[in-house]
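Trainee: Can we go through this one together? I'd like to start with the strands.

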Amino acid sequence: MLTSVDTELMRVLADPLRLRIVTLLAHETLCTTHLVEETGARQTNLSNHLKVLREAGVVETEPCGRFTYYRLKPEVLDVLAGQFAGLAATARANADSKRSCP
């Protein structure tokens with residue numbers, strides 16, 4: 001059985017700023033203003049990254065007056081963690097397997 005990791009989700013999370021956003025949102029729900037303060041990123045840049053995270057299903061939004069709050073969807077990370085755990089289990093099970101050279 002082959003186990004693979006969601007490469008699109010990995011690409012989304014591979015960006016340092018997006019990973020920082022995800023890390024911050026793991027601790028609390030934040031609005032764009034908070035994320036600008038915490039990351040030092042420009043608002044337009046941050047909004048573009050949040051759009052990518054939203055489209056990938058990593059975060060969800062909550063309108064609150066003139067602000068938009070962002071919340072991390074932990075179940076998405078659970079799926080990714082499960083995929084990595086599956087790869088680790090496959091590696092352990094096949095640790096002694098070696099393909100012969102021709």
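Mentor: A definition to begin with: two strands pair if DSSP finds at least two bridges between them. Helices (H or I, at least four residues) and strands (E, at least two) are DSSP runs, numbered from the N terminus. This is a predicted model, where local features need pLDDT of at least 70 and side-chain atom pairs count only at pLDDT 80 or more, while totals for chains, interfaces and linings use all residues. Residues are numbered from 1 along each chain as its sequence is written, and side-chain values use heavy atoms, with hydrogens and water left out.

Trainee: OK. How many bridges join β2 to β3?

Mentor: Six, between β2 (residues 59-64) and β3 (residues 67-72), and the two strands run antiparallel. One partnership is glutamate 62 with tyrosine 69 in β3. Two residues lie between the strands of this hairpin, and glycine 65 takes a positive phi near 65° there.

Trainee: What is the strand order in the sheet?

Mentor: β1-β3-β2, in an open sheet of three strands with antiparallel pairing. β1 (30-31) and β2 each have a single partner strand, so they stand at the edges with one side lacking a neighbour in the sheet.

Trainee: And how many bridges hold β1 and β3?

Mentor: Two, in the antiparallel sense. Cysteine 31 stands opposite tyrosine 69 in β3.

Trainee: Is cysteine 31 buried or exposed?

Mentor: Buried, at 3% relative accessible area. Buried means under 20%, exposed over 50%, and partly exposed in between (1.4 Å probe, protein chains only). Cysteine 101 counts as exposed, at 73% relative accessibility.

Trainee: How many disulfides, then?

Mentor: Zero. A disulfide is a pair of cysteine sulfur atoms within 2.5 Å. The closest cysteine sulfur to that of cysteine 31 is in cysteine 64, 8.8 Å away, which is too far for a bond.

Trainee: New topic. Which residues have the most contacts inside the largest nonpolar core?

Mentor: Ile21, Leu25, Leu35, Leu53 and Val58, in a core of 20 residues. α2 (16-27) is one of the elements that supply at least two residues, and α2 gives the largest share, five. A nonpolar core is a set of buried Ala, Val, Leu, Ile, Met, Phe, Trp, Tyr and Cys residues joined through side-chain atoms within 4.5 Å.

Trainee: What is valine 58 in contact with?

Mentor: Leaving aside neighbours within four places in sequence, its contacts include Leu9, Leu13, Val22 and Leu53. Contact means heavy atoms within 4.5 Å.

Trainee: Last one: where does arginine 99 lie?

Mentor: In the segment after α5. Arginine 99 is exposed, with a relative accessible area of 80%.
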